[in-house]
Amino acid sequence: VAMNFTLTPERRAMQDALQTGQIAGSVAVNNIPGAAGTVGLAQFVNQHRSDPRALLLSGLAMVGGIITNNSAVTLDNVAPIARLTGEYGVIVVKPDSPIRTLADVVQQLRANPGAFAWAGGSAGSADHIMLALICKAIGVSPQRLSYTAFSGGGQAAAAIMGGHVTAGASGIGEWESQIKGGQLRAIGISSPGRVPGFETIPTFKEQGVDVELANWRGVMAATGISAEQRAALTA
């Protein structure tokens, strides 16, 4: 059995699990970047309308990407199989930044949101949504965000460490090594409470900003497959 997974780094873990567990003899991985996953979504829907061997791996970024890019193909065109993960977002700055807390961020955003330069994932991604929610919570229009979208966490991290932007937003797993290695300093996390392994990072809520958000990732299939085939994929 060959199964195709498009989008997000979790594809390799899925591939390993399916092959190690002898669920699938071979798993072909096809990564299709672009427009917050909507490029891959359109290709998947067009090429795998009734293929029970094909799966799409994506997440919350695609929900925002569909709206941001006015995509003709939406999640109504795929069948949900399973949610796999949930990951909280962090705000980071370079180690020597004068910004020490989320209160510092709030103060600057309220004073001049356009002068506060952000780095994050694609437009409409979980990173973008998280920052927009923070703006709404503190009474700033999300449309005034100065947000630069990067295709990968490495590029965004380089922009932050190089001083090209003021701060960055991403999932905690994306920048775990840089945070623990001291290349980036995390000043807040979007979880309801402190996260094990990252206990030194205070939550947004602790710092007076009522925002909580988890980026999810899941598996989807073609809508043209039979009920029996969908049940088999779910199992």
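The accessible surface of the chain in this predicted model amounts to about 11,100 Å². Carbon and sulfur atoms account for 51% of that surface. Of the 235 residues, 47% count as buried. The chain carries 16 positive and 15 negative charges, and the mean positions of the two sets lie 4 Å apart.

Eight helices and nine strands make up the secondary structure of the chain. The radius of gyration is 19 Å, close to the 18 Å expected from the globule rule for 235 residues, so the chain is as compact as a globular protein of that length. Along the principal axes, the C-alpha atoms fill a box of roughly 55 × 35 × 30 Å. Among contacts between residues at least 6 apart in sequence, 72% join residues at least 24 apart.

In soluble globular proteins, nonpolar side chains tend to be buried together. In the present model, the largest nonpolar core contains 26 residues. Those touching the most other members are I91, V105, W118, L131, I134, F204 and V209. Two or more residues of this core come from each of strand 4 (78-93), helix 4 (102-111), helix 5 (126-137) and strand 7 (167-171). Helix 5 gives the most, with five residues. When residues up to four places away in sequence are not counted, I134 touches I91, F204, V209 and V211. A second core, separate from the largest one, comprises 18 residues, among them A119, A159, W175 and A186.

Notes:
Residues numbered from 1 in each chain as written. Predicted model: local features only at pLDDT ≥ 70, side-chain atom pairs only at ≥ 80, totals over all residues. Heavy atoms only, no water. Core = buried A, V, L, I, M, F, W, Y, C linked by side-chain atoms within 4.5 Å. Buried < 20%, exposed > 50% of the residue type's maximum accessible area, 1.4 Å probe, protein only. Helix = DSSP H or I, 4+ residues; strand = E, 2+ residues; numbered from the N terminus. Contact = heavy atoms within 4.5 Å. Rg over C-alpha atoms; globule rule 2.2 N^0.38 Å. Areas by Shrake-Rupley, 256 points an atom, 1.4 Å probe, with all protein chains shown as cover. Lys, Arg positive; Asp, Glu negative; His and termini not counted. Charge placed at Lys NZ, Arg CZ, Asp CG, Glu CD.
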